[in-house]
Amino acid sequence: MAVDLPRLVTEIPGPRSRDLHAQRSAAVPQGFGITLPVFVERATDSALQDVDGNLLIDFASGIAVTSVGASNPRVRERVAAQLERFTHTCFMVTEYESFVRVAEWLNAHVPGDFDKRTALFSTGAEAVENAVKIARAYTGRAGVLVVDEAYHGRSLLTMSMTAKVHPYKTSFGPFAPEVVRVPNANPLRGAGVGAALAELERVVAESGPDTFAALVVEPIQGEGGFVVPEPGFLAGLRRIADEHGIVLVIDEIQSGLGRTGALFASEHEGVVGDITLTAKALGAGLPLSAVTGRAEIMDAAHPGGLGGTYAGNPLACEAALAVFEVLEDSALLPRVREIEAIIRRSLEPLQQEFDVVADVRGRGAMMAIEFADPADLAPRSDLAQRISVACHSAGLLTLTCGTHGNVIRLLPPLVIDFAVLDRGLEILTGAIRAITSDAGEAAA
């Protein structure tokens, strides 16, 4: 069927967006990067409307935040009702019910057949930092293990845990100590599950098994390039953590809450973390994050040791309760798996057409296409950037990622109209074919 998206009435960005961007430049520090300098006025389940009246297809979801749509009616209703009651009290000063209800839902739905507790915070980085604090309190140890290509945040500790140097770490050191990086089982570029786990074992033995409090891993890496680890890697991490009394922290901040076609990405591998982290989609655009874990681990932090002025803000908690209502629709997760099938049908043939299309990967509505030279897998960030810019000009919002910026990641809303999804993929594949052909990169 015909789709009236994207709908462009000006060039991208349009004159009003350009004027506002000039004002931004005079008011906001340059450290805030920008993917596409358009100013958004309204949103639907599938599109963003800018101040010039252009409608852009959304393949970004605010970096996996607006998974239930950027203007979900149930979210609006719940937040508006809470706005009429009160906006804030600070849960550590006086309590409110929605905080408890969010914690109860996560305790019931996060993987793990054991008694759980949930602490709410505001951002993903806060969740990661607090998970490490809790693991340290529980184990009496200090060390933190992370895997290569990881991304965990922009605060001092999480920046130290993040692998990608630019733009996240450049000029911001020195970094937090006692963070140790081990290999990832990257199917395209890694040495394999056996070698990665053997190196982890070596590092643990060399440092001393009693030095590490936590092993933190994304079940599917986000900024690192949407890397789905080889089968058995997460299970191997679970085994090693158990052997040495290390708390396994699974960072589901980007991959969780339905994004991969399962409620949590770790479910695909049948691996359960001692602590699981959620954020992004949890608040549907309002700042909210959660640390959910074994009760005995979560209770290791002393009273007053956890918290934050805005932690579990009541408006954000109401948004989360609306998200849970959407996630409980039995048709949603099968729909997300169909999104994956549609994307694969569109993108996988490009691997035969163009040698520089090194990989198409991901799960559910968390998919990616990587560009690299076929001979040595040297990253082709130039192609990824040019293709993404072409998509933007044509009215499709896409994001790049990867340690070398050579990956285009697709994060459409889980509720995107399938016809709009098809139209966006037409724009993307058209841009890939045009730019790779122009660069002389067709397969021999």
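Which residues form one aromatic cluster? Points 3 and 4 take this up, after a look at the whole chain.

1. **Status.** This is a predicted model. Read each value below as computed from that model.

2. **Overall form.** The chain has 444 residues. A compact globule with that many residues would have a radius of gyration near 22 Å. The chain has 22 Å, so it agrees with the globule value. Along the principal axes, the C-alpha trace spans about 60 × 60 × 45 Å. Buried residues account for 55% of the 444. The exposed area of the chain is about 17,800 Å². Carbon and sulfur atoms supply 53% of that area.

3. **The aromatic cluster.** Here is the reply to the opening question. F86, F91, Y96 and F99 form one aromatic cluster. Find these four residues in the structure and look at how their rings sit.

4. **One pair in detail.** A pair of aromatic rings is described by the distance of the centres and the angle of the planes. By the pairing rule, with centres within 6.5 Å, the count comes to six aromatic pairs. One of them joins Y96 and F99. Their centres lie 6.4 Å apart, and the angle between the planes is 70°. Planes over 60 degrees apart count as edge-to-face, so the Y96 and F99 pair is edge-to-face. Both Y96 and F99 are also buried.

5. **Charges over rings.** Two further rings have a charged side chain over them. The charged end of R294 sits over the ring of F114, 3.9 Å from the ring centre. K169 lies over the face of F175, and here the distance to the ring centre is 5.2 Å.

6. **Secondary structure and contacts.** The chain contains 14 helices and 15 strands. Consider the contacts between residues at least 6 apart in sequence. Of these, 73% join residues at least 24 apart.

7. **A four-stranded sheet.** Strands of a sheet pair through backbone hydrogen bonds, either parallel or antiparallel. One open sheet here has four strands, in the order β1-β2-β3-β13, and its pairing is mixed. Which strands stand at the edges? They are β1 (40-43) and β13 (396-397). Each has a single partner strand, so one side of each is left without a neighbour in the sheet.

8. **Inside that sheet.** Strand β2 covers residues 47-50. β1 and β2 pair in the antiparallel sense, over three bridges. To see the two strands face each other, start at R42, which stands opposite Q49 in β2.

Notes: Residues are numbered from 1 along each chain as its sequence is written. This is a predicted model: local features need pLDDT of at least 70, side-chain atom pairs count only at pLDDT 80 or more; totals for chains, interfaces and linings use all residues. Side-chain values use heavy atoms; hydrogens and water are left out. Rings of Phe, Tyr and Trp (its six-membered ring) pair if their centres lie within 6.5 Å; planes under 30 degrees apart count as stacked, over 60 as edge-to-face and the rest as tilted. Buried means under 20% relative accessible area, exposed over 50%, partly exposed in between (1.4 Å probe, protein chains only). A charge sits over a ring if NZ of Lys or CZ of Arg is within 6 Å of the ring centre and within 35 degrees of the ring normal. The radius of gyration is taken over C-alpha atoms; the globule rule is 2.2 Å times the number of residues to the power 0.38. Contact means heavy atoms within 4.5 Å. Accessible areas come from the Shrake-Rupley method with a 1.4 Å probe; for residues, only the protein chains shown count as cover. Two strands pair if DSSP finds at least two bridges between them.
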